[in-house]
Amino acid sequence: MIPINLPKIGEEEVEAVVKVLRSGRLTSGLGAGPMVTCFEKNFAKFAGVKHAVAVNTGTAALHSAIVAAGVKQGDEVILPSFTFVATAEAVVMAGGKPVFTDIDPVTYNVSPAEIEKAITKKTTAIVPVDLYGLPAEIKPAREIAAKHGSALVEDAAQAHGATYEGKPVGVFADAACWSLYASKNMTTGEGGVITTDNDEMAETMRLIRTHGEKAKYASLMLGNNYRMSEMQAAIGVVQLEKLPAFVAKRRENARRLSEILEKTGKLQLPKEPKGRRHSWYLYTVRLEHGTENERNKIVEELRKKGLGAEVYYINPVHLMPYYRGNFGKRRLPETEKAAKQVFSLPIHPGVTEEQVDYIGKTLLHLLR
Ligand SMILES: Cc1ncc(COP(=O)(O)O)c(C=O)c1O
């Protein structure tokens, strides 16, 4: 089976971890040992901002950023429902009420017009997601946030290497949250990082990362254990160096696959709108005019042939029992339609040209 994503780990990562293990310094009780500090410095440079705060998951990154953005009990937070559940979880963990908002049917990213409609006096934050690695429309979201005095936290979990108007994603938000989970464009196994130019937010997120402590046993605020280990950071330092090559291979695979799939008129292929560069975390197509059953059948057939096609996301968050039960039923027509028609194909750096051709031809055959 060609999996939908696969970490690419070499001897360099192995050696970096062994070196940390031999040093005996595996973590730091106050959040940042030498490797974590080095990783943060390098990641901040890569992201084009002042601060990077490394944590142990992308979910922890989102939770810390949403709290640091000022979200409190009962505040409303606007976010898409067409995302991984962690985006919504982080809002709820901060005490906020998720206000799920519909997407643009071409980019699958949250629609600025829908954000504008959803905003109220209680909206403390807006959380656009760079879905599949395509940057969200962050500048329009920025304008809306500024007009209403809301914070803007970007979920860049899938967007390492993506750019918006030539700049790394995240620079136009108050904070951006990245995941370093094993499937992502770069990984530390599990891990996350938050980037920001805001000194105050960075300070708060560092406190949250380690029990609200600046000094031991003197918590200044409610925190958690969101610390990244030194081994994870050592992997992160190496993976960050390799990221440009990983993204270039994904881009090339995406280009090649699109060239083949353009021959069918039945699929909406992923596109890069002007000024936005994809990270190609997921290559997602849409069976235009197809039913959910037809889409599922194609995914099943691809899987039978050893191609790890997957659906992201088969069940939008607003329809999940917990979220529907606690935050009410709402209709999001574009989200619900997309969830029935999309599916993603493997293009990660481990996929060879021959495999891309096989994926493309197999899918063309199934669509005849
Ligand atoms: C859009 C999105 N947000 C948040 C997360 C959460 O990241 P993690 O799995 O590292 O907690 C993920 C990744 O799984 C994601 O894809």
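In which crossing, right-handed or left-handed, does α9 pass α12? I opened the notebook with this point and noted that the model is a predicted one.

**Entry 1: α9 and α12**

I found that α9 passes α12 in a right-handed crossing. I then looked up the geometry of the pair: helix α9, residues 292-304, packs against helix α12, residues 353-366, at an angle of about 135 degrees. I recorded their axes as 11 Å apart. I classed α9 as oblique to α12 because of that angle. For the residues involved, I listed I298, E301 and L302 on the α9 side, which meet T362, L363 and L366 of α12. I sorted the residues of this contact into four nonpolar, one polar and one charged.

**Entry 2: α8 and α12**

I turned next to the packing of α8 with α12. Here I read an angle of about 30 degrees, and the axes lie 9 Å apart. I noted a right-handed crossing for α8 as it passes α12. From α8 I wrote down K249, N253, R256, L257, I260 and L261. Their partners in α12 are E353, V356, D357, I359, G360, K361, L363 and L364. By class, I entered seven nonpolar, two polar and five charged residues for the contact of α8 with α12. I also marked L363 of α12, which appears in the contact with α9 and again in the contact with α8.

**Entry 3: α3 and α4**

Which residues make the contact between α3 and α4? I began with the geometry: helix α3 (residues 58-68) and helix α4 (residues 86-93) pack at about 40 degrees, their axes being 8 Å apart. I classed α3 as oblique to α4 because of that angle. I saw that α3 passes α4 in a right-handed crossing. On α3, I listed T59, L62, H63 and I66 as the contact residues. On α4, I listed A86, T87, E89, A90, V91 and M93. I divided the residues of this contact into six nonpolar, three polar and one charged.

**Entry 4: the ligand**

How many residues surround the ligand? I recorded 17, the closest being G58, T59, D155, Q158 and S179. I noted that T59 also belongs to the contact of α3 with α4. I then looked up the polar contacts to oxygen atoms of the ligand. For S179, I read 2.7 Å from an N or O atom in the side chain to a ligand oxygen. For Q158, a polar side-chain atom lies 2.8 Å from an oxygen atom of the ligand. For K184, I entered 3.0 Å between a polar side-chain atom and an oxygen atom of the ligand.

**Entry 5: backbone points in two loops**

Which residues does a cis peptide bond join? I identified Y312 and Y313, with omega of about 5 degrees. I placed Y313 in the loop between α9 and α10, the latter spanning 321-327. I also looked up Y217, where phi is near 60 degrees, a positive value in a residue other than glycine. I located Y217 in the loop between α7 (199-209) and α8 (230-261). I kept both entries because most residues other than glycine have a negative phi, and most peptide bonds are trans.

Conventions. Residues numbered from 1 in each chain as written. Predicted model: local features only at pLDDT ≥ 70, side-chain atom pairs only at ≥ 80, totals over all residues. Heavy atoms only, no water. Axes fitted to C-alpha atoms, helices over the stretch in contact; angles between N-to-C directions. Helix = DSSP H or I, 4+ residues; strand = E, 2+ residues; numbered from the N terminus. Parallel < 35°, antiparallel > 145°, perpendicular 65-115°, else oblique. Left-handed = near helix turned anticlockwise from the far one by under 90°. Contact = heavy atoms within 4.5 Å. Nonpolar A, V, L, I, M, F, W, Y, C, P; charged D, E, K, R; others polar. Near = heavy atom within 4 Å. Polar contact = N/O pair within 3.5 Å; in protein donor to acceptor, adjacent residues only side chain to side chain.
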